[in-house]
2 protein chains.
Amino acid sequence: MATIYEVSKLAGVSLATVSRVMNKNTRVSEKTRKKVQDAMDQLGYRPNSIAQSLASNRSNSIGILVSELHGPFFGQMMSGIESELRAAGKHVIITTGHSEQEKEIDGIEFLLSRNCDALILHVEAVSDEYLIELSKKSTPIFIMSRYVENLKDRCISLNNEMGGYLATKTLIEKGHSAIGFIGGPEFKADSRSRLQGHRRALKEFNLPFDDKLYFEGDFKETGGIAGLRTLIKNNDQLTALACANDEMASGAMKYAREHGYNLPEGLSIIGFDNIIYASYLYPTLTTIHNPIYEMGHMAAKLALKSVYNVKNLKIQNIFEPTVIERNSVGSV
Amino acid sequence: MATIYEVSKLAGVSLATVSRVMNKNTRVSEKTRKKVQDAMDQLGYRPNSIAQSLASNRSNSIGILVSELHGPFFGQMMSGIESELRAAGKHVIITTGHSEQEKEIDGIEFLLSRNCDALILHVEAVSDEYLIELSKKSTPIFIMSRYVENLKDRCISLNNEMGGYLATKTLIEKGHSAIGFIGGPEFKADSRSRLQGHRRALKEFNLPFDDKLYFEGDFKETGGIAGLRTLIKNNDQLTALACANDEMASGAMKYAREHGYNLPEGLSIIGFDNIIYASYLYPTLTTIHNPIYEMGHMAAKLALKSVYNVKNLKIQNIFEPTVIERNSVGSV
DNA sequence: TTGTAGGCGTTATCAT
DNA sequence: ATGATAACGCCTACAA
């Protein structure tokens, strides 16, 4: 790879001048600019961004930490962030935390060591305190899909409580009263909020919260299967089920169908997230829309605004969920 | 952030010694090692990997280029690569090409400029010649899910032709003869191979290939919908449909159901890829398994072996597809 | 075993 | 407008 030195030699100018035409800020005469440009083209010169980064303490790249690289949720999120950033000429460096504290911290430190200009984090295992400490360091951090009070203007999150509320309310309004709830892992704040919303809806309609109708799932298909099996065992009067995400809803649908339930007549199911294939399921899944792609965009905008001083960006920190009515919920 | 210089000062040793304890290769006395380690801990020292990379011309990270960050296919692929690499202490830098030549090249140059030790590419728009040229440069490249004859030992790919063949053969053996085929975009090599396999199966069973029963889709749900609509218009005797990927199969299933077909009695559908939610569909989708996660693992192993000299890794360049029988294909 | 010093490819601060 | 030259933080011969 050609270096700036060879370019300067071929163009007959100094290193500094070459650097100047690359970073089209300072003034260079049109004539020398052309000379340099020609030399660059001729040598097929590409700046070494590592060296740029070391010298300028700027990398034009933003670190992203997600729990997993697969799955519709993270896919949408990463896409949202990347498309916005790429349009602004910035790059992303993605790494994973696997929902484990040690790996999350490890990932963050990797990103930091790569001189990222900012970090966009979707972390689940790390504590609020850790994030607050981290935010005091020089690299700005932004938090996706999690609300930390002390860092609220750096968080882009969904009103999960409202989502949980809407899900259960939707079922109640269709006449259901024996409603099961399959939640996510309780160590995740999202899970707790969604459950809380469920409880609020029950309360509002004077329905009791029954431990026997609650199951702590894993946000995966298996959790939906195990959950429904358990809930049915606990209460065979069950007519409706709210799941804290669509994967679990899909698992529950599968279990229900395999055990002779007609959907939605025999059992109404509502999901959460509105992941891409919710509409591919049969019956198509009624669910709570989680605008994660838009939230990714917004996190990117927030970074662009506060790190690169891009102007005219309106920031919205909290997104509201909406009900997507499809065919998996029936009236009783 | 503390630098190596501060560590050396605090520990009372030279820069070189600190560097040595970091890169635990050369010998350092246990005593000084401990001194240095203590100084590091005390300062919360983290090496700046940018500087390391510039100085050593090694980044311990591997660049990955995928078409999109979302979607089950790429998710599985990235996960496969990342998990293998992470276990070996290497990191990934992911970027996207969006199936456009310019963006793919742009992405590759970004990765190159970040001093990646190797590149794992899933490129669709760039030419074989470009890849061959690229492979001559100093950064090794490995190619996912695409077969380039001159670079065959650097390719990890699926036998797509066989997959296409198996899909159609499966339908024929269930008694179908009026078989539609919704392919992927023809500029993609995968699409062409799958179509070719379809034609081979037809030929083997003495069935003619009929232009009216072929539709060039887009590998998305919409392609399945548009495709089935067109094929039905062209031939109302259609009893079976092979789709070049599961997304299109899912679109076709949706269209079919909305137009009064019973599945699979009225229409048999087979997909391709066996993406995660193929088994969530109703009826569960019979499809061709594409072991993309394993292929990701293998690409990572290939990189580890040839770039970092990791031993005892068996490399398999071509993977064979298998038929996954579920419930979307019926007998006629 | 440990230290010295030059170099990695840029940027940025001075001069000129 | 352009050119020297010192950083940036680390690695790695070469010396000691």
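In the predicted model, N57(B) is exposed, with a relative accessible area of 58%. Because a residue counts as exposed when this value is over 50%, the assignment of N57(B) follows directly from its 58%. The residue is placed in the loop of chain B that runs between α4 (49-56) and β1 (61-66). The backbone of N57(B) also stands out, since its phi angle is near 60 degrees, a positive value in a residue other than glycine.

A second asparagine of chain B shows a similar description. N312(B) is not a glycine, yet its phi is positive, at about 60 degrees. This asparagine is found in the loop between α12 (292-308) and β11 (318-319) of chain B. With a relative accessible area of 79%, N312(B) is exposed. Positive phi values are thus described here for N57(B) and for N312(B), and each of these residues lies in a loop.

The overall form of chain A is considered next. Its secondary structure consists of twelve helices and twelve strands. The radius of gyration of chain A is 25 Å, whereas the globule rule gives 20 Å for 332 residues; the value is well over that expectation, so the chain is more spread out than a compact globule. The C-alpha trace of chain A spans about 85 × 40 × 35 Å along its principal axes. Of the 332 residues in the chain, 56% count as buried. The area exposed by chain A is about 14500 Å², of which carbon and sulfur atoms supply 48%.

Contacts and charges add to this picture of chain A. When contacts between residues at least 6 apart in sequence are considered, 68% of them join residues at least 24 apart. The chain carries 38 positive and 38 negative charges, and the mean positions of these two sets are 10 Å apart.

T239(A) offers a local view of the arrangement of chain A. This threonine lies in the loop between α10 (221-234) and β8 (240-243), and its relative accessibility of 23% makes it partly exposed. Apart from residues up to four places away in sequence, T239(A) touches H176(A), S177(A), A178(A), G266(A), L267(A) and S268(A). By contrast, the C-alpha atoms of T239(A) and S138(A) are separated by 53 Å, the two residues being 101 residues apart along the chain.

Aromatic rings form a further part of the description. Over all chains, the structure holds ten aromatic pairs. One of these is formed by Y277(A) and Y280(B), whose ring centres lie 5.3 Å apart; the angle between the planes is 55 degrees, and the pair is tilted. This pair crosses between chains: Y277(A) belongs to the loop between β9 (268-270) and β10 (287-289) of chain A, and Y280(B) to the loop between β9 (268-270) and β10 (287-289) of chain B. Both Y277(A) and Y280(B) are buried.

Another tilted pair is made by Y280(A) and Y277(B), with 5.3 Å from centre to centre and 55 degrees between the planes. Because Y280(A) lies in the loop between β9 and β10 of chain A and Y277(B) in the loop between β9 and β10 of chain B, this pair joins two chains. Y280(A) counts as buried at 8% relative accessibility, and Y277(B) is buried with a relative accessible area of 3%. Ring pairs link Y277(A), Y280(A), Y277(B) and Y280(B) into a cluster.

The loop between β9 and β10 of chain B also contains D273(B). This aspartate is buried, its relative accessible area being 7%. Leaving aside neighbours within four places in sequence, D273(B) is in contact with F73(B), R194(B), N245(B), D246(B), T287(B), I288(B), H289(B) and N290(B). P283(B) is likewise located in the loop between β9 and β10 of chain B. The peptide bond that joins Y282(B) and P283(B) is cis, with omega about -5 degrees.

A cis peptide bond is also found in chain A, from L263(A) to P264(A), where omega is near 5 degrees. P264(A) is placed in the loop between α11 (246-258) and β9 of chain A.

Terms used
Residues numbered from 1 in each chain as written. Chains lettered and ligands numbered in written order. Predicted model: local features only at pLDDT ≥ 70, side-chain atom pairs only at ≥ 80, totals over all residues. Heavy atoms only, no water. Helix = DSSP H or I, 4+ residues; strand = E, 2+ residues; numbered from the N terminus. Rg over C-alpha atoms; globule rule 2.2 N^0.38 Å. Buried < 20%, exposed > 50% of the residue type's maximum accessible area, 1.4 Å probe, protein only. Contact = heavy atoms within 4.5 Å. Areas by Shrake-Rupley, 256 points an atom, 1.4 Å probe, with all protein chains shown as cover. Lys, Arg positive; Asp, Glu negative; His and termini not counted. Charge placed at Lys NZ, Arg CZ, Asp CG, Glu CD. Phe/Tyr/Trp six-rings, centres within 6.5 Å; stacked < 30°, edge-to-face > 60°.
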